[in-house]
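Got the model open in your viewer? Let's walk through it together, one selection at a time.

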Amino acid sequence: MLVGSVVALIAIISSRIGTRLGLPSLLLFLLLGMAIDVSHVFPSFNDAELAHSLGFAALVLILAEGGLTTRWVEIRGAIPVAGLLATVGTLVSVGVMWAFGTFVLGLDPWLAALLGAVCSPTDSAAVFSVLRRVPLPARLRSTLEAESGLNDAPTVLLVAELSRLAAGGHLDGGVPGFVAMVLFELAAGVFVGIVLGWFGVKLLRNIALPSSGLYPIATVFWAVLAYGVGTAVHASGFAAVYVCAVLLGNGRLPHRVATRSFVEGIGWIAQIGLFVMLGLLATPARITLYAVLVALAAGLFLTLVARPLSVLACASWFKVPWRQQAFLSWAGLRGAVPIILATVPMVEQVPGAEGLFDIVLVIVVVFTLLQAPTLPRVAKWLSVIEHSPTDVEVEVAPMEQIAADLLQIRIPEGSRLHNVEVAELRLPRDTVVSLVIRDGTPFTPHGQTALQVGDELLIVTPARFREQVEERLREVGQYGRLAKWRRGLDPQSEEDLD
């Protein structure tokens, strides 16, 4: 407990360093694990099967966190291109990498195929931690986030089957049978996620738990339940947990801000534990010059050829501008997922699996150091940066006895709610701005009270008007007091407005 708490605290403090350098903190966690292994603070850890199991468990929590913090209104338009990148794009990348590994690097064909399959998926933890700090257009950011959340499911199936074949197994049903199995498991996983996500929203929205702290816990475990159910019925658990989490995160559940903070904390714990463990599993002394050279060659080809080809093959159908395609290609960050997947051949005892793990480890470390810090500069160079006002943060608590909701609003820097008077908000009838907290001092506002950046508002509204209130606040926060005319929309009917 002593050593573990010290390691966790060091990892948490190091995350600040990663933020300043523009690196995924996850990479620092990985290096921390390797340093611990070299210093022999813990007994030597070389259990690939345990690492594989713990890695998948951590990945479930990371995907749940990604889904719960994703806004459906932003990701909806990106689903088609992201889905194609996660499936067809992955296959294109694997095929190109197999050819390069076999005919240029001289690798065994099975290892070349496994190298392509292991390194092709983008990593959700790395993407979420880095890209949300870069002001990208919503659709571009959502495409990368959705791809990283969706591509784990097909890649896990592909790596597992390739590992089994490389270890001497047989492909039941041939290639058509394998493709049918993958499609079935993906579709079944999505179905399980939709069903459990819908049911979870209904349940958590209408149940009154004795403590607000139970809502975040229930939400996370409901998402984990989707993974368990999906796996139990031989569907893709990763697809199930991500889809379920997206539905829960957009289901107007109580205490959403508290839930978001909680799941972000859970995600950080999973990432710290995962990368420190993978650092312990790695053996730097085992990495040869040959492995480093192969890793550099394979990583360059993956970054400059295979990834751009997969993006071109998928994004062109949706007329994605070439500048955004170029950024999609460069922003395909690798992280925990390739290293976790590299443990699958080790568990299956594929010949050369340890060497493959070392190559993948070098690729992840070197190319994360290369790509992650340059993303803001590349985005600016490609002119894909989009500056927009920060969204309003809304917290909701149920008041079931009077069929009303209490909304807690914070006005962020850059919001056009600044200097808007309370009366100009034009909220639905029976909705009251009951309290304003400014510089730590609460007061009761009147119609001519001008709001300011940093204010916290407590708004009581009938439950049936909650969505209208949130939508109106977001519109005014983005477009100002004339939002109704600037957008050309009337968010509420006139009889509902004061």
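## Start with the cysteines

Here's a quick first check: the structure holds zero disulfides. Select cysteine 119 and you land on a buried residue, with a relative accessible area of 1%. Then jump to cysteine 244, which counts as buried too, at 0% relative accessibility.

## Zoom out

Before going on, keep in mind that this is a predicted model. The mean pLDDT of the protein is 84, and 89% of the residues reach 70 or more. Now select residues 488–498, where the pLDDT is below 50. Beyond near neighbours in sequence, that stretch still has 25 contacts in the model. Don't lean on them, though: where pLDDT is low, predicted coordinates should not be read in detail.

Switch to a cartoon view and you can look for 21 helices and five strands. Of the 498 residues in the protein, 51% are buried. Take the contacts between residues at least 6 apart in sequence: 78% of these join residues at least 24 apart.

## Into the core

Next, light up Leu30, Leu115, Leu248, Leu274, Phe327 and Val360. These are the residues with the most contacts inside the largest nonpolar core, which has 126 residues. Which helix gives this core its largest share? Select residues 353–371: that's helix H18, and it supplies 11 residues.

Stay in the core and centre on leucine 30. Leaving aside neighbours within four places in sequence, leucine 30 is in contact with Phe275, Leu278, Gly279, Ile339, Leu361 and Val365. Apart from the largest core lies another one, of 16 residues; to find it, select Val420, Leu425, Ile459 and Leu473, which are among them.

Back in helix H18, pick valine 366. Is valine 366 buried or partly exposed? It counts as partly exposed, because its relative accessibility is 31% and the buried class stops under 20%. Draw a distance from valine 366 to leucine 296, C-alpha to C-alpha: they sit 8.0 Å apart in space and 70 residues apart in sequence.

## Rings and a charge

Time for the aromatic side chains. The structure holds six aromatic pairs. Show phenylalanine 56 and phenylalanine 238 as sticks: this pair is edge-to-face, with 5.3 Å centre to centre and 70 degrees between the planes. The pair links distant parts of the chain, 182 residues apart, with phenylalanine 56 in helix H3 (residues 48–68) and phenylalanine 238 in helix H12 (residues 237–249). Both of these phenylalanines are buried. Add Tyr227 to the selection and you have one aromatic cluster, made of Phe56, Tyr227 and Phe238.

For another ring, go to phenylalanine 465. Arginine 464 lies over the face of phenylalanine 465, at 4.5 Å from the ring centre.

## A glutamate tucked inside

Now select glutamate 147, found in helix H8 (residues 138–150). Glutamate 147 counts as buried, because its relative accessibility is 2%. What does glutamate 147 touch, not counting residues up to four places away in sequence? Show Ala82, Leu85, Ala86, Thr122 and Arg307, and you have its contacts. Valine 127 is worth a distance line as well: from glutamate 147 it is 9.7 Å away, C-alpha to C-alpha, and 20 residues away in sequence.

## Back to the start of the chain

Glycine 4 lies in helix H1 (residues 2–21). With a relative accessible area of 36%, glycine 4 is partly exposed. Draw a line from glycine 4 to glycine 273: it spans 9.9 Å from C-alpha to C-alpha, while 269 residues separate the two in sequence.

## Two loops to finish

Most residues other than glycine have a negative phi. The last two stops go the other way.

Select histidine 234 in the loop between helix H11 (214–232) and H12. The phi of histidine 234 is positive, near 60 degrees. Histidine 234 counts as exposed, because its relative accessibility is 61%, and exposed begins over 50%.

Your final stop is aspartate 439, in the loop between strand S3 (432–438) and strand S4 (441–443). Although aspartate 439 is not a glycine, its phi is positive, about 55 degrees. Aspartate 439 is exposed as well, with a relative accessible area of 76%.

Note on methods:
Residues are numbered from 1 along each chain as its sequence is written. This is a predicted model: local features need pLDDT of at least 70, side-chain atom pairs count only at pLDDT 80 or more; totals for chains, interfaces and linings use all residues. Side-chain values use heavy atoms; hydrogens and water are left out. pLDDT is the predictor's confidence in each residue, from 0 to 100. Contact means heavy atoms within 4.5 Å. Rings of Phe, Tyr and Trp (its six-membered ring) pair if their centres lie within 6.5 Å; planes under 30 degrees apart count as stacked, over 60 as edge-to-face and the rest as tilted. Helices (H or I, at least four residues) and strands (E, at least two) are DSSP runs, numbered from the N terminus. Buried means under 20% relative accessible area, exposed over 50%, partly exposed in between (1.4 Å probe, protein chains only). A charge sits over a ring if NZ of Lys or CZ of Arg is within 6 Å of the ring centre and within 35 degrees of the ring normal. A disulfide is a pair of cysteine sulfur atoms within 2.5 Å. A nonpolar core is a set of buried Ala, Val, Leu, Ile, Met, Phe, Trp, Tyr and Cys residues joined through side-chain atoms within 4.5 Å.
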